[in-house]
Amino acid sequence: MSFRQITYAEAINEATAQAMEMDKNVIVLGQLADTPAGIFGTTTGLVQKFGPDRVQDFQVAENAMTAAAMGASLTGLRPIIVHQRLDFMIYSIDAIVNWLALWYFKSNSMSSMPVTIRTVVGKGWGQGPQHSKSLQSWFAHIPGLRVAMPATAYDAKGLLLDSIFSEAPTFFIEGRSLFSMKSHVPEEPYRVHFGHATVRRKGTDVTIVALGLMVPFAGRVAAELAKEGIEAEVIDLRTISPWDKTTVLESVQKTGRLVVADPAWKSFGIAAEVVSVVTEQSFSSLKAPPLRIAHPDSHTPMSQTLEAAYYPTEANAVAQIKSLFA
């Protein structure tokens with residue numbers, strides 16, 4: 001494979017274009033998907049390549065867009081629908097929970113709805129409480145849905161291709177602050193399979209499990225810990241439904257300490273699920289109580305000053321992790 005560096009947004013765009021080249025049934029629906037800006041650059045140029053029948057703007061009606069995609073999938077199409085913010089996708093919750101997630105189960109596996117739902121989580125520059133919700137635990141809780149949270153351009157491309165060509169409906173959750181980050185990505189199509197975490201940094205003293213935009217955060221925290229003689233192993237979950245329990249458990253059995261960095265509210269989240277599974281299945285390996293690094297149980301403030309205090313900081317994370325060795 002030939003690699004080169006491209007951004008996270010470019011990787012999503014490339015994955016979409018390659019999927020559309022491979023299968024004429026792949027279509028894209030989204031508000032302003034056919035504009036030059038192309039939803040933060042992720043759909044730029046697609047309408048010029050594939051035409052307005054396959055790349056369509058959609059009215060501000062999230063429930064209608066989801067329902068249209070579900071109906072299209074039953075005719076043999078593979079829709080990708082794009083929500084510029086996860087917050088407003090909530091208008092389609094009935095279609096998702098009561099129809100999309102249930103369809104394969106209720107049809108006794110005779111029919112499927114291969115819909116890929118791309119949705120963006122905002123952060124920074126005063127996004128406020130209606131543009132920054134990260135609700136991955138909601139959708140991971142529902143049987144029948146797959147949920148991905150890629151942290152790198154490489155994974156964004158591979159996981160999106162895997163999502164599009166799966167028979168299962170998939171949530172593809174993107175952190176807006178990741179869009180400009182670059183990594184080496186093959187030009188050729190490839191797939192990153194769900195349920196396979198990757199170790200971003202090897203370590204022996206503490207396991208940091210991270211997802212989405214908390215993966216680069218965890219990498220920076222691990223680098224600071226290393227200056228103080230603490231070697232952290234950083235695991236990027238990549239997907240949370242399903243999630244890779246084996247890799248996490250093996251790491252904790254080696255390090256004896258667990259930290260989970262989840263870009264969402266602390267209570268009832270993915271971090272709690274990871275901690276629960278580790279304590280249920282590998283409690284005797286733990287040398288210290290597990291630690292969750294997440295957002296406080298409060299809505300995101302609009303003020304940039306308050307917002308800076310709301311999100312976890314690397315310095316605070318380092319201090320909390322060091323306390324596990326006291």
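Which residues form one aromatic cluster with Y8? In this predicted model, the partners of Y8 in the cluster are F40 and F179. That small group of rings makes a pleasant way into the structure, and the aromatic pairs are a natural next stop.

A pair of aromatic rings is described by the distance of the centres and the angle of the planes. The count of such pairs comes to six. One of them is formed by W138 and F139, whose ring centres lie 6.3 Å apart with 55° between the planes, a tilted arrangement. The two members differ in their surroundings: W138 is partly exposed, at 42% relative accessibility, whereas F139 is buried, at 0%. Another pair joins Y154 and Y190, and because the planes meet at 20°, under the 30 degrees that marks the limit for stacking, this pair counts as stacked, with 4.7 Å between the centres. Here the rings come from distant parts of the chain, 36 residues apart: Y154 belongs to helix α9 (residues 153-164), while Y190 sits in the loop between β8 (182-186) and β9 (198-201). Y154 is partly exposed, with a relative accessible area of 28%, and Y190 is buried, with a value of 8%.

Helix α9 itself deserves a closer look. Its twelve residues should span 16 Å at 1.5 Å a residue, and the C-alpha atoms at its ends are 17 Å apart, so the model agrees with the expectation. The helix is mostly covered, with eleven of the twelve residues buried. Among them are the charged residues D155, K157 and D162, along with G158 and the run of L159, L160 and L161.

D162 leads on to R146, a residue of strand β6 (residues 146-148). The side chains of R146 and D162 are joined by a polar contact of 3.3 Å. R146 also places its charged end over the ring of F194, 3.6 Å from the ring centre. With a relative accessible area of 15%, R146 falls under the 20% limit and therefore counts as buried. Beyond its sequence neighbours within four places, R146 is in contact with D162, S163, S166, A168, P169, T170, F171, F194 and S241. A second charge over a ring is found at W99, where K106 lies over the face at 5.4 Å from the ring centre.

P169 also takes part in the surroundings of G144, which touches A101 and P169 once residues up to four places away in sequence are set aside. G144 is located in the loop between α8 (136-140) and β6 and is partly exposed, with a relative accessible area of 42%. From G144 to G158 the separation is 14 residues in sequence and 21 Å in space, taken between C-alpha atoms.

The nonpolar interior can be described through its cores. The largest has 58 residues, and those with the most contacts inside it are I208, V221, L225, V259, I293 and I321. Helix α1 (residues 8-22) gives the most to this core, contributing eight residues. V259 shows how parts of the chain meet there: leaving out residues up to four places away in sequence, V259 touches V206, T207, I208, V209, L291, I293, I321 and L324. Another core, of 43 residues, lies apart from the largest one and includes M113, V121, I235 and L286.

Helix α1 also holds T16, which is buried, at 2% relative accessibility. A polar atom of the T16 side chain lies 2.8 Å from the backbone oxygen of I12. Setting aside neighbours within four places in sequence, T16 is in contact with V28, L46, I80 and L160; L160 is one of the buried residues of α9.

Some backbone details complete the picture. Most residues other than glycine have a negative phi, and most peptide bonds are trans. Against that background, S241 and P242 are joined by a cis peptide bond, with omega about 5°. P242 lies in the loop between β12 (239-241) and α11 (245-255), and S241 is among the contacts of R146. Positive phi values occur at N108, near 55°, and at R238, near 65°. N108 is in the loop between α7 (103-106) and β5 (116-121) and is exposed, at 61% relative accessibility. R238, by contrast, is buried at 14% and is placed in the loop between β11 (232-236) and β12.

Technical notes. Residues numbered from 1 in each chain as written. Predicted model: local features only at pLDDT ≥ 70, side-chain atom pairs only at ≥ 80, totals over all residues. Heavy atoms only, no water. Core = buried A, V, L, I, M, F, W, Y, C linked by side-chain atoms within 4.5 Å. Buried < 20%, exposed > 50% of the residue type's maximum accessible area, 1.4 Å probe, protein only. Helix = DSSP H or I, 4+ residues; strand = E, 2+ residues; numbered from the N terminus. Contact = heavy atoms within 4.5 Å. Polar contact = N/O pair within 3.5 Å; in protein donor to acceptor, adjacent residues only side chain to side chain. Phe/Tyr/Trp six-rings, centres within 6.5 Å; stacked < 30°, edge-to-face > 60°. Lys NZ or Arg CZ within 6 Å of the ring centre and 35° of its normal. Expected span 1.5 Å × (residues − 1).
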